[in-house]
Amino acid sequence: MATVQSDRLFGKSIKRREDPRFVTGRGTYVDDVKLPGTTYAAFVRSPHAHARIRTIDTAEAKRHPGVVAVFTGADMTGVNSLPCGWDLRQSKNIPGVVQDLAMVPHMPLTSDVARHVGDPVAVVIADSRDAATDAAEKVKVDWEVLPSVTATDKATAPGAARVHDAAPDNIAFKWELGGGDVDGAFKKADVVVKKRIVNQRLVANAMEPRACLARFDEATGELTLWVTSQNPHVHRLLMCAFVLGIPEHKVRVIAPDVGGGFGSKIFLYNEEVVCSWATRQLKRPVRWTSTRREAYLTDAHGRDHVTDAELALAKDGTMLGLRVKTTANLGAYLSTFAPAVPTFLYGTLLNGVYQIGAINCQVTGVFTNTTAVDAYRGAGRPEACYVLERIVEAGARALKMDVAEIRKKNFIPKFSGAFQTLVAVSYDSGDYGAALDKLLQMFDYKKFRAEQEAARKQGRLLGIGFSTYIEACSIAPSKVVGALGAGAGLYESGKVRVHPTGMVSVYTGSHSHGQGHETTFAQLVADELQIPIEQVEIIHGDTGQIPFGMGTYGSRSASVGGTAILMSINKIKEKGKRIAAHLLEASPKDIDYVNGSFQVKGVPDKAVPFGAVSLTAYVPHNYPDGLEPGLEETSFYDPSNFCFPFGAHACVVEVERDTGAVKLLRYLAVDDVGNVINPMIVDGMVHGGIAQGIGQALWEGAVYDVQSGQLMTGTMSDYALPKADLLPMYETGRTVTPTPVNPLGIKGAGETGTIAATPCVVNAVVDALAGLGVDHIEAMPLTTERVWQTIQAATAKR
Amino acid sequence: MYPAAFEYHTPGSVREALSLLGKLGDDAKLLAGGHSLIPMMKLRLAQPKHVIDLRRVPGLAGIKDDKGTIVIGAMTTHWQVESSPVLREKCPIVSDTAGVIGDPAVRNVGTIGGSLAHADPAADMPATAIAAGFEFVCEGAKGRRTVKADDWFKGLMSTAVGDDEILVEIRVPAWAAGSGGAYLKFPHPASRFAVVGAAAMVTLDGTGVCTKASVGITGAGTKAVRAKGVEAGLTGQTLDQATIEVAAQKAAEGVDVQADLQGSVEYKSHLCRVFARRAIEAAVKRAKG
Ligand SMILES: Cc1cc2nc3c(=O)[nH]c(=O)nc-3n(C[C@H](O)[C@H](O)[C@H](O)COP(=O)(O)OP(=O)(O)OC[C@H]3O[C@@H](n4cnc5c(N)ncnc54)[C@H](O)[C@@H]3O)c2cc1C
């Protein structure tokens, strides 16, 4: 039966098994699921950033042909607020909390005040999408327009509009973390650099917009929700336990093929709840598919920090102390994991890859009349890396020290097992100098500096930027995150079902929305069971099939989800040994699993193939006494620590003096993500991540009009995503430092590029302008005008 | 988004289209390539009750040489303009300009007539229409009339074409000997429309003196305009770098520069000067062959 797998698949760039279905347009996305009798929902949204609802008149909309129902918040009696799953309250003994999180309500349809443009106030449900869309325009809302506040650094200013009565100064929480004698460090510093560093707001822009389809089956009392989710069990739990109060076992959440998430599909959203509630009222399926315009207004945004950072340095470049004060814009409501992002996913990364004498980080989360902000690829870690990598380079410039040299001087030396940072977390393994060394082997740094000097003499502005980053992924040890305020555990499940014929179905609690689980996990399973990959199927995204799982984000699928699968495979092998021992009349202790067969140690012809054992498990005629039939195992893996990938990136740019345009000439990346299952897939994630990081540095940014609070960048012709022709060919490399945290030695690779690339590009542009006396640019993206104005200001000064 | 409901008409002649237009008045919109109109309808910024599709009207597309004047049908696609051997030979700046509009998908469907009738302030062709001296032939119930480029662009998305008229063709004079032209733009990082675009045409005599200069600026203001100050600074001069530099300083004069997310008035005015200079330099290079 099972042919022998001669080579290990682990480490091989095999082609993605899911791609034929995607590239031929035969995937099944939520919008492809068709059900008879479906109705279509269209949401009536606030056109104002902040406005009180005096009345809502739905009469004309209800009369529109094809309309089945119109609901407002007042109709949704018994429905609760969307929950925030991360609770920062002092009484819970959560470290660092200085002021309690204001748990403000977030109703699926707001009925008192709309707090951002796009806030839904009513839903029209009709027989067709067109009828629903047309009728939604006929819902008349009498608005009392209120003053609004959208800017992060204006949220707590005296007289700023108040977003929630429960948060008087628009302060959502205050939080602090650190260690060491910070004041002492600054006192003894030879040089202190202080910079304002703004990390602008981004829009996730997954290729597939959010969508849901909810069907209530009156006969069985079951509700099925197809939804664009990165974590279907989390969606189900939050919706059942907190919002709708319906029994969890009567709800099935299916996230079929999902076209990208970048974090934005982790969260429970208004529309999914409204459709799930409405199908129970109407006894007909209810569908909603976001338009791109709605996506810009309602998908959780990312980043949006304003930070004042100070670095204390000794003359020789030693980093003595770091002070960081950040205001984090949370938007109008608390999205599902919002408070975690600018705190435990941010402050804990401020030690970076450096030995720093003392660190203090203070964060104020604020409410504004903007779309809610939550995790976006990297989530908190890019913001931390950006602050650190910018302030370190500013420090080097102040000391007239080389930017690579200052890093080398302060790197944490190679270690394995643990490095305790000043900001709570303990690193797993690292060799930070090695990554930069490797990068500098790929690139002649000295020669570049000579070229740069020569170019400067001709008036050309060339620059190089570095970024030596760390990230925390493989999220996360449940006890640790619980102690930090998480409402959930962050283990993962993996179930392996061996069928009688030796075919294997694997059920993972993690979810692929682009990551390639169907390939990567199958490589792992085929390897471990030494069977052809064609015998392995990976199933995910359906609470009706998979054991309770936590989903995909925080670069956790391979490390946490993969380990859960490995644990189940090990159990399968153990059971298989007992069955084989019985068939071979040997002791289980004497059975080895070799080349897809259970064999008596050292006696290759006394062996039973995997398929014979699986058949015996289901036809247990000749079978060990006391052993259960069947061959199926489930495991839950809860990691003992985060994993900490790291690396070194560099990029070379040329700035056009006339226009301020930045041209990327080279981009080099060395990443250490631990062991790698499929290098091609990891490269793909690195490439995409770098593009996203470059996008933030140069082009992307959500801009709100100060007066009206309108989102000015609400379409793809206003919000500039990275385009392939603007990116150079990436030059990538890897070092491999396996993590001791999990048996696979995998750290995680989903976010590294996004984290490293942004400061790398900004550092390069600043370097290009350094000859003019520039040592900092406060805000991103580095639009052509921003760069041009920087050049004007610098040349005017000289 | 999805457009509001509308009636769809497919006239088979200009006359039929005109009679529909006369009958339906303000409730109707002409449809050419749809690459400006349909996005606006999807956002419901435009909600015409009737759409009159010109794509079935014979004779509105095509490029021909009419005794030294190149005649481009209004329904000619950007790609046809870009790849036309006649235009490439007789007035290549028009093909060059068409070639930087959007991407191939846009150029295969969008039309020159649609672009010039729509008059998006950031569209590319309007700058070249001014520089190359296009003439616009409009047809109405009472017959045809011709409008000069300088009289065509009236304001933000507004042109000289009447509500009851159809732009049927564009007439482009062939280049005089010793001419060269170039259109250069600073693309919007998201849409790639022109944040600023400059089209320049120069004619040099045997001694290298500029006998005629024509410069159009798009993107920066509410409509494309002729940069008269620049033209005056070039005409009668030998076009060395310093002369061009000085002349280009006037590029933003007469442009009602609008500040937006892409730039302040100061920056966009500066870009007008930079792109005027670059376009003139390129034009001179080509004029010299
Ligand atoms: C993704 C994208 C990128 C683009 N990038 C660019 C770019 O970089 N540069 C650029 O210049 N343009 C760009 N465009 C716009 C494109 O060039 C359009 O094709 C053009 O502006 C309109 O031409 P159309 O044939 O599509 O006209 P339509 O959209 O069909 O019509 C536009 C308007 O003109 C009117 N109209 C059309 N034909 C006539 C006529 N014969 N007589 C009277 N009125 C008429 C219509 O009623 C309508 O109001 C882009 C468009 C898209 C979708």
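Among contacts in chain B of this predicted model that link residues at least 6 apart in sequence, 62% are formed between residues at least 24 apart. The secondary structure over which these contacts are distributed comprises 12 helices and 14 strands in chain B. With regard to overall dimensions, the C-alpha atoms of chain B occupy a box of roughly 60 × 45 × 30 Å when the principal axes are taken as reference. The radius of gyration of chain B is 19 Å, and because a compact globule of 289 residues would be expected to have a value near 19 Å, the chain agrees with that expectation.

Burial and surface composition were examined next. Of the 289 residues that make up chain B, 53% are classed as buried. The area that chain B exposes amounts to about 12400 Å², of which 52% is supplied by carbon and sulfur atoms.

At the level of individual strands, β10 of chain B, which spans residues 166-173, has seven of its eight residues buried, and it is therefore largely enclosed by the rest of the structure. Strand β10(B) is paired with strand β5 of chain B, residues 69-73, in an antiparallel arrangement that is joined by five bridges; within this pairing, Thr69(B) has Pro173(B) of β10(B) as its bridge partner. Strand β10(B) also pairs with strand β6 of chain B, residues 135-140, again in the antiparallel sense and over five bridges, and here Phe136(B) is found opposite Ile170(B) of β10(B). Strand β10(B) thus has pairings with both β5 and β6 of chain B, in addition to the burial of seven of its eight residues.

The cysteine residues were considered with respect to possible cross-links, and the count of disulfides over all chains, for which two cysteine sulfur atoms must lie within 2.5 Å, comes to zero. Cys138(B) takes part in no disulfide, the nearest cysteine sulfur being that of Cys91(B) at a distance of 20 Å. Cys138(B) has a relative accessible area of 0%, and since burial requires a value under 20%, this residue is classed as buried. Cys210(B) is likewise in no disulfide, and the nearest cysteine sulfur to it, which again belongs to Cys91(B), is 16 Å away. With a relative accessibility of 2%, Cys210(B) also counts as buried.

Note on methods
Residues are numbered from 1 along each chain as its sequence is written. Chains are lettered from A and ligands numbered from 1 in the order in which they are written. This is a predicted model: local features need pLDDT of at least 70, side-chain atom pairs count only at pLDDT 80 or more; totals for chains, interfaces and linings use all residues. Side-chain values use heavy atoms; hydrogens and water are left out. Buried means under 20% relative accessible area, exposed over 50%, partly exposed in between (1.4 Å probe, protein chains only). Helices (H or I, at least four residues) and strands (E, at least two) are DSSP runs, numbered from the N terminus. Two strands pair if DSSP finds at least two bridges between them. The radius of gyration is taken over C-alpha atoms; the globule rule is 2.2 Å times the number of residues to the power 0.38. Contact means heavy atoms within 4.5 Å. Accessible areas come from the Shrake-Rupley method with a 1.4 Å probe; for residues, only the protein chains shown count as cover.
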